[in-house]
Amino acid sequence: KDAAADPAHASSFVYTRFHWPVELGGKEVSVWGSFNNWSKGIRLHRFEDEESNAFSVVLPLQPGTYEYKYVVDGDWQPAPFEQRVHTSEGLNNFRVVAPTIEFSIAAPDAKQVLVVGDWDD
């Protein structure tokens, strides 16, 4: 059976964006976190366009809860605009990465389609 056609065998990674707005300062920005056991920083790249002016990186992460912190010009900093948690190591950001789910239905004549379920599991 083709794994790509079988949702049960699809990739379990969720592409997750980390960003640091330029207005918060910094010339070199990286993100460290529990997603790689705090083993190394991942450099964010600066992007400028009409919609944003920020350092950014997209990481493939498995669903789960992650703690992380930014290193901006050598200083460890949590992002003030993201969720934070107090730990024995200080203040970190945290994020819950949920799996991506796509729904598909063949109903070309439907006037309305409702999706219901328990989304907190």
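Guide: Two strands are said to pair when DSSP finds at least two bridges between them. This model is predicted, and strands 8 and 9 offer a case to begin with.

Visitor: In which sense do strand 8 and strand 9 pair, and over how many bridges?

Guide: Strands of a sheet pair through backbone hydrogen bonds, in either a parallel or an antiparallel arrangement. Here strand 8 (residues 84-87) and strand 9 (residues 90-97) are antiparallel, with 4 bridges. Arg84 lies opposite Asn93 of strand 9. The two strands form a hairpin, with 2 residues between them.

Visitor: What is the strand order in the open sheet of 3 strands?

Guide: The order is 1-5-4, with antiparallel pairing. Strand 1 (14-21) and strand 4 (45-48) each have a single partner strand, so each stands at an edge with one side lacking a neighbour in the sheet. From one strand to the next, the twist averages 40 degrees. Strand 1 is joined to strand 5 (residues 53-61) by 8 bridges, and His19 has Ser56 as its bridge partner in strand 5.

Visitor: Is Val31 buried or exposed?

Guide: A residue counts as buried under 20% relative accessible area. Val31, in strand 2 (residues 29-33), is buried because its relative accessible area is 0%. Beyond its neighbours within four places in sequence, its contacts include Phe18, Ile42, Val57 and Tyr70. The C-alpha atoms of Val31 and Val72 are 8.8 Å apart, although 41 residues separate them along the chain.

Visitor: Where does pLDDT stay under 50?

Guide: Where pLDDT is low, the predicted coordinates should not be read in detail. Residues 1-10 stay under 50, and the model has 3 contacts for them beyond four places in sequence. The protein chain averages a pLDDT of 85, and 86% of the residues score at least 70.

Methods:
Residues numbered from 1 in each chain as written. Predicted model: local features only at pLDDT ≥ 70, side-chain atom pairs only at ≥ 80, totals over all residues. Heavy atoms only, no water. pLDDT = per-residue confidence, 0-100. Contact = heavy atoms within 4.5 Å. Buried < 20%, exposed > 50% of the residue type's maximum accessible area, 1.4 Å probe, protein only. Axes fitted to C-alpha atoms, helices over the stretch in contact; angles between N-to-C directions.
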